[in-house]
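Student: I am new to this structure and would be grateful for a close look at one part of it. Please begin with a single side-chain contact and then place that contact in its surroundings.

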Amino acid sequence: MIAGVQIELFLPASQNLKEKRAIVKSLIGKLRSRFNVSAAEVAYLEQWQRTVLGIAAVANEISFLQQEMQTVV
């Protein structure tokens with residue numbers, strides 16, 4: 001079983017791409033280590049204050065995946 005979710009974020013404190021990428025990189029690292037999921041920035045790569053994160057997980061039980069995705073969100 002595979003579960004996936006997209007989360008769109010608004011980053012008002014970000015004033016340039018360098019700041020945005022630092023925030024996104026930190027958030028992705030925390031998601032990966034805390035929840036054992038795969039995560040990546042999938043949209044708005046060149047906009048300063050918007051991003052979409054794609055998050056995916058694999059397991060053999062759908063109930064576990066549903067709970068994991070709820071917790072991530």
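Tutor: In this predicted model, arginine 50 lies over the face of tyrosine 44, at 3.9 Å from the ring centre. A search for aromatic pairs, by contrast, finds zero of them in the whole structure.

Tyrosine 44 belongs to the hairpin of β2 and β3, where six residues stand between the strands. In that hairpin tyrosine 44 takes a positive phi near 60°. Arginine 50, its partner in the contact, falls within strand β3, which covers residues 50–58.

The two strands of the hairpin, β2 and β3, are joined by five bridges and pair in the antiparallel sense. One point along this pairing is alanine 40, whose bridge partner in β3 is glycine 54. Strands of a sheet pair through backbone hydrogen bonds, in either a parallel or an antiparallel manner.

The hairpin is part of an open sheet of three strands, in the order β1-β3-β2, with antiparallel pairing. The edge strands are β1 (2–10) and β2 (38–43), each of which pairs on one side only. From one strand to the next, the twist averages 25°.

Strand β3 also pairs with β1: nine bridges join these two strands, which run antiparallel. Here glycine 4 has alanine 56 of β3 as its bridge partner. Helix α1, made of residues 17–35, packs on the sheet and touches β1, β2 and β3. The direction of α1 makes about 15° with that of β3.

A further helix, α2 (residues 62–72), lies across β1 and β3 and runs at about 155° to β3. Within α2, the residues Leu65, Glu68, Met69 and Val72 are buried. These four are on the same side of α2, because they cover an arc of only 95° around the axis. This spacing follows a general rule: an α-helix has 3.6 residues a turn, so residues three or four places apart point the same way. The cover over the buried residues of α2 includes β1, α1 and β3. On the other side of α2, Gln66, Gln67 and Gln70 are exposed.

To return to the starting point, arginine 50 lies over the face of tyrosine 44, and tyrosine 44 sits in the hairpin of β2 and β3. Strand β3 in turn is joined to β1 by nine bridges and is touched by helix α1, while helix α2 lies across β1 and β3.

Notes:
Residues are numbered from 1 along each chain as its sequence is written. This is a predicted model: local features need pLDDT of at least 70, side-chain atom pairs count only at pLDDT 80 or more; totals for chains, interfaces and linings use all residues. Side-chain values use heavy atoms; hydrogens and water are left out. Two strands pair if DSSP finds at least two bridges between them. Axes are lines fitted to C-alpha atoms, for helices over the stretch in contact, and angles run from 0 to 180 degrees between N-to-C directions. Contact means heavy atoms within 4.5 Å. Rings of Phe, Tyr and Trp (its six-membered ring) pair if their centres lie within 6.5 Å; planes under 30 degrees apart count as stacked, over 60 as edge-to-face and the rest as tilted. A charge sits over a ring if NZ of Lys or CZ of Arg is within 6 Å of the ring centre and within 35 degrees of the ring normal. Buried means under 20% relative accessible area, exposed over 50%, partly exposed in between (1.4 Å probe, protein chains only). The arc is that of the directions from the helix axis to the C-beta atoms.
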